[in-house]
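Biologist: Please show me the model, and then let us go through its charged side-chain pairs.

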Amino acid sequence: MIELTPSAVSAAKTIVETAKTPASGLRIMVEAGGCSGFMYKMELASEQAGDAVIDADGVKIFIDDISQPMVAGMVVDYASSLEQSGFVFNNPNATASCGCGKSFA
């Protein structure tokens, strides 16, 4: 379904392990909005009916049934630089994306 790089797995583990509210993993979803039509959203979550569940080296990633076709084959990375830090979504299904990489068409 999707792949997480080692740096994305490390960041996801840190987020889940240090969360103030207990969660069993991270949810990646697609919502309407952003500069290009759709945007990625991530949140602490637990499994829900219809979710695809990816075990990325011990971290559970949940993807709802509506988002699954839009993220199939996506590689999630985590980049850290002086300018910005955060998850980077390399989605083969995107035909266009905005400069920040958080929105796509």
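The turns below deal with the salt bridges of this predicted model.

Biologist: How many salt bridges are there?
Modeller: A pair counts when a side-chain nitrogen of Lys or Arg is within 4 Å of a carboxyl oxygen of Asp or Glu. By this rule the count is four.

Biologist: Which residue forms a salt bridge with R27?
Modeller: The closest N and O atoms of the pair are 2.8 Å apart. R27 lies in strand β2 and its partner in the loop between β3 and β4, so the pair ties together parts that are 24 residues apart in sequence. The partner of R27 is D51.

Biologist: Are R27 and D51 buried or exposed?
Modeller: Buried means under 20% relative accessible area. R27 and D51 are both classed as buried.

Biologist: Which strand holds K41, the salt-bridge partner of E31?
Modeller: The side chains of E31 and K41 meet at 3.7 Å, N to O. The two residues are ten apart and link distant parts of the chain, with E31 in strand β2. K41 is in strand β3.

Biologist: What is the relative accessibility of K41?
Modeller: Partly exposed covers the range between 20% and 50%. K41 counts as partly exposed because its value falls there, at 33%.

Biologist: Which residues are joined into one network by salt bridges that share partners?
Modeller: K41 meets E31 at 3.7 Å, and K41 also meets E43 at 3.9 Å. E43 is partly exposed, at 31%. The network consists of E31, K41 and E43.

Terms used. Residues are numbered from 1 along each chain as its sequence is written. This is a predicted model: local features need pLDDT of at least 70, side-chain atom pairs count only at pLDDT 80 or more; totals for chains, interfaces and linings use all residues. Side-chain values use heavy atoms; hydrogens and water are left out. Helices (H or I, at least four residues) and strands (E, at least two) are DSSP runs, numbered from the N terminus. Buried means under 20% relative accessible area, exposed over 50%, partly exposed in between (1.4 Å probe, protein chains only).
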